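User: Please walk me through this model. I will ask short questions and would like short, reasoned replies.

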Amino acid sequence: MPSAPKKTATAIIDSHNDYIGALKGNQSGLLAAVVANFQPQATTQQINKGHGRIEKRTVSISHILDGIPDFPGLQTLIRVQSERLVHRATIIEVTTVTRYYVASFIDTVQAFAARIRGYWGVENKVHYVRDVTQGEDASRIRTPPLVQIWAIARNFALNLYRDNGFNNMAQAQRSAGFNLNTLKILFRMK
């Protein structure tokens with residue numbers, strides 16, 4: 001019986017679509033084979049600075065599938081090596097992480113780097129904001145339909161902030177919480 005990731009990949013391919021999927025512990029055999037047999041054919045680097053940290057990502061792709069177990073539609077292997085330097089007072093913390101992905105299509109290494117970075121953009125702009133800034137995971141609301149109502153209210157607030165030019169959601173939330181004029185502007189009131 002095929003695993004859930006294989007079933008999902010098959011369903012995507014059968015619907016004439018493509019996928020990029022992160023390899024994790026639920027596909028340990030495939031992950032181990034990719035780690036052992038990855039042969040980079042093209043590589044690109046990205047460097048981002050901000051918020052007291054520097055992150056260097058090296059993205060490599062390979063279409064050489066020798067030694068890789070059969071996986072539905074698999075055409076490209078992707079390796080992302082991240083090195084993050086965080087400056088804290090007089091200490092510089094260095095963290096390195098290597099992640100692997102599989103894709104059912106062929107594209108340039110730059111295109112894969114942009115797609116994967118775009119995924120993390122969604123993670124950072126939505127999930128992180130909802131969890132950290134809005135405290136969604138810490139919420140004690142568990143009773144339907146209140147859970148759904150609060151989720152809608154949080155999404156509405158984020159959309160209002162972004163629509164009014166805020167890039168920093170924590171700053172937008174503080175401004176709206178402490179300033180009646182900001183609320184009037186957000187709700188287009190006079």
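Analyst: Strand 4 and strand 5 form a hairpin with two residues between them. In its turn, Ala89 has a positive phi of about 55°. Helices (H or I, at least four residues) and strands (E, at least two) are DSSP runs, numbered from the N terminus. This is a predicted model: local features need pLDDT of at least 70, side-chain atom pairs count only at pLDDT 80 or more, and totals for chains, interfaces and linings use all residues. Residues are numbered from 1 along each chain as its sequence is written, and side-chain values use heavy atoms, with hydrogens and water left out.

User: What is the strand order of the open sheet?

Analyst: Two strands pair if DSSP finds at least two bridges between them. Five strands form the open sheet, and the pairing is antiparallel. Strand 1 (20-22) and strand 2 (42-50) each pair on one side only, as edge strands. The order is 1-5-4-3-2.

User: What does the twist average from one strand to the next?

Analyst: Axes here are lines fitted to C-alpha atoms, for helices over the stretch in contact. Angles run from 0 to 180 degrees between N-to-C directions. From one strand to the next, the twist averages 20°.

User: How many bridges pair strand 4 and strand 5?

Analyst: The two strands pair in the antiparallel sense. One bridge partner pair is Leu77 with Val102 in strand 5. The number of bridges is 13.

User: Which residue in strand 4 is the bridge partner of Ser60?

Analyst: Strand 3 (residues 53-62) and strand 4 run antiparallel, joined by ten bridges. Ser60 has its partner in strand 4. That partner is Arg79.

User: Which residue takes a positive phi in the hairpin of strand 2 and strand 3?

Analyst: Strand 2 and strand 3 pair in the antiparallel sense over nine bridges. Ala42 has Ile61 in strand 3 as its bridge partner. The hairpin has two residues between the strands. Taking a positive phi near 55° is His51.

User: In strand 5, what is the bridge partner of Ala22?

Analyst: Strand 1 and strand 5 run antiparallel, and three bridges join them. For Ala22, the partner in strand 5 is Tyr101.

User: Which residues is Thr98 in contact with, leaving aside its neighbours within four places in sequence?

Analyst: Thr98 lies in strand 5. Contact means heavy atoms within 4.5 Å. With those sequence neighbours left aside, Thr98 is in contact with Arg79, Val80 and Gln81.

User: How far apart in space are Thr98 and Arg88, C-alpha to C-alpha?

Analyst: In sequence, Thr98 and Arg88 are ten residues apart. In space, C-alpha to C-alpha, the distance is 23 Å.

User: Is Thr98 buried, partly exposed or exposed?

Analyst: Buried means under 20% relative accessible area, exposed over 50%, partly exposed in between (1.4 Å probe, protein chains only). The relative accessibility of Thr98 is 42%. Thr98 therefore counts as partly exposed.

User: Why do the buried residues of helix 2 line one face?

Analyst: The buried residues of helix 2 (residues 28-37) are Leu30, Ala33 and Val34. Seen down the helix 2 axis, they line one face because they fall within an arc of 100°. The arc is that of the directions from the helix axis to the C-beta atoms. The buried residues of helix 2 pack against strand 4 (76-88) and strand 5 (91-103).

User: At what angle do the axes of helix 4 and helix 5 cross?

Analyst: The axes of helix 4 (residues 146-163) and helix 5 (residues 169-178) come within 10 Å. Their crossing makes helix 4 roughly perpendicular to helix 5. Angles under 35 degrees count as roughly parallel, over 145 as roughly antiparallel, 65 to 115 as roughly perpendicular and the rest as oblique. The axes cross at roughly 100°.

User: Which residues of helix 5 meet helix 4?

Analyst: Helix 4 brings Leu158, Tyr161 and Arg162. Helix 5 meets them with Met169, Ala172, Gln173 and Ala176.

User: Within what arc do the buried residues of helix 5 fall?

Analyst: Met169, Ala172 and Ala176 are buried in helix 5. Seen down the axis of helix 5, these buried residues line one face, because they fall within an arc of 55°.

User: Which peptide bond is cis?

Analyst: Pro145 sits in the loop between helix 3 (109-133) and helix 4. Omega is near 0° for the cis bond, which runs from Pro144 to Pro145.

User: Is His16 buried or exposed?

Analyst: His16 is found in the loop between helix 1 (4-14) and strand 1. Its phi is positive, near 65°, in a residue other than glycine. With a relative accessible area of 76%, His16 is exposed.
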